[in-house]
Amino acid sequence: MAEWTVLLEGSLRERALQTVDEVAGRLRERQGVEGPTLAGGLAGLAFLFAELERGQPGRGHQALAEQLLLEAATAVEEQPLSPSLYGGFSGITWSIERLRALGVPSLDDLEEVDEALLGLISRHPWSADYDLIIGLVGMGVYALERLPRSSAARCLEELVARLQERSTRAGPGRSWWTPPQHLPDHQRVDYPEGYFNLGAAHGVPAVVALLALIARAGVAEQRARELATDGARWLLANALPDSPGARFPSCIAPGIPSDGARAAWCYGDPGVVLCLLVAARALSDLGLEHAALALAREAALRPVEDSGVRDAGICHGAAGLGHLYNRLYQATREPLFKEAATTWFAQTLELRRPGEGVAGYSAWNRLPGEEPTWVADGGLLTGATGIALALVAACHPFAPSWDGMLMAAIPA
């Protein structure tokens, strides 16, 4: 793979860098940052200042990243936390392991975490969530980072077994069903029997990508490869015909019509095709890579006004799309993806409203049972930390350290 190159140029890059500086200034005060977690708290914020140290060394960013990570690590020892990647201890300890590579020191002893996860993942049948944000896949992201330790390999072997147990034969391949008890109340009304989730955040695409990465690592290789290949085949078979740029619905269930989702990482074509391309590269599957890139090109041509984007966050906003298309550009060097990424980063800067939110960025938040509203969100997943991280990755010649949490780090 070619080395990471600067995406944004000229005045747009200057504007992006100024925006990052202003956002970071507010985030030094921890505005809109809650708790120790990766998605919305201190562990995610530590990534921002570690990345800023790479681009602007000697300005105190490193010391702040160390302090934030230390506070997050302390919470793992002192607070009751779930095992999830985005909101629990797996995400904090994944951050510790990732940031060591950038020279951010922290606790050396994560063996207790490894053993705790191994004990949890070894339970079967697995009745909890399987997804990236709160379930098995997210725990697998942490375990992958801990390889080649034997405890990490055992975790991944058990995880592949749990995912196989939870899978079901479907059409031309294999998929993972989300039962009704794992749905929020408002979705359970529409899907009383459950559904197949096609979003990267909570569904099948991240399962496929993780299994492919596990196979690439040589753990439970044959079983992981077969499951990943079957899952990818099922996803491609469920792409909607004659719907360019919106091929993948959020979910499907027998007897219930489905439409293409908005453009986003969490749900929609951009997140799905990134997962498929990660799987294709991990498995050295040229056929899958060609199919994924064909869908990615369609998605890149989807007009901004048809995308459904309202805010700038990583999860379902403009910066997230800019970053995904930047990843696609860095992996392929196709001008189409550079143009799409640049368009979405320009939109990210246009969505800023000085004096509002966190340094001008507010998140469009819709909680179940409540009216949607704008909130000051400083977190990585939906707020200002993630926006700044995406802009940093577009302005500097080094690959981001943090987006493996999105299953967006495309292998060489």
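**Questions on a predicted model**

Colleague: What share of the 412 residues of the chain counts as buried?
Modeller: In this predicted model, the share of the chain's 412 residues that count as buried is 57%.

Colleague: Which radius of gyration does the chain have, and how does that agree with a compact globule?
Modeller: The C-alpha trace spans about 55 × 50 × 45 Å along its principal axes, and 67% of the contacts with a separation of 6 or more come from residues 24 or more positions apart. For 412 residues a compact globule would have a radius of gyration near 22 Å, and the chain agrees with that expectation, having 20 Å.

Colleague: In the open sheet of four strands, which strands stand at the edges, and why is one side of each left without a neighbour?
Modeller: The pairing in this open sheet is antiparallel, and the order is S1-S2-S3-S4. Each edge strand has a single partner strand, so one side is left without a neighbour in the sheet, and the strands in that position are S1 (167-170) and S4 (251-252).

Colleague: Which residue in S4 does Phe196 stand opposite?
Modeller: Strand S3, residues 195-197, runs antiparallel to S4 and is joined to S4 by two bridges. Within this pairing, the residue of S4 that stands opposite Phe196 is Ile252.

Colleague: Which helix lies across S1 and strand S2, and which helix packs on the sheet touching S2 and S3?
Modeller: The helix across S1 and S2 (173-178) spans residues 150-166 and runs at about 45 degrees to S1; this is H7. The helix touching S2 and S3 spans residues 204-216, and its direction makes about 125 degrees with that of S2; this is H9.

Colleague: Is helix H4 mostly covered or mostly uncovered, and which helices do its buried residues pack against?
Modeller: H4 (residues 89-100) reaches 17 Å from its first C-alpha to its last, close to the 16 Å expected. It is mostly covered, with ten of its twelve residues buried, among them Phe89, Trp94 and Leu99. The helices that these buried residues pack against are H2 (42-55), H3 (61-78), H5 (111-121) and H6 (136-146).

Colleague: How many disulfides does the structure hold, and why does Cys315 not bond to Cys266?
Modeller: Cys315 counts as buried at 9% relative accessibility, but its sulfur is 3.7 Å from that of Cys266, the closest cysteine sulfur, and this is too far for a bond, since a disulfide needs the sulfur atoms within 2.5 Å. Cys251, buried at 10% relative accessibility, has its closest cysteine sulfur, also in Cys266, 13 Å away, again too far for a bond. The number of disulfides in the structure is zero.

Technical notes. Residues numbered from 1 in each chain as written. Predicted model: local features only at pLDDT ≥ 70, side-chain atom pairs only at ≥ 80, totals over all residues. Heavy atoms only, no water. Pairing = 2+ DSSP bridges. Contact = heavy atoms within 4.5 Å. Axes fitted to C-alpha atoms, helices over the stretch in contact; angles between N-to-C directions. Buried < 20%, exposed > 50% of the residue type's maximum accessible area, 1.4 Å probe, protein only. Expected span 1.5 Å × (residues − 1). Rg over C-alpha atoms; globule rule 2.2 N^0.38 Å.
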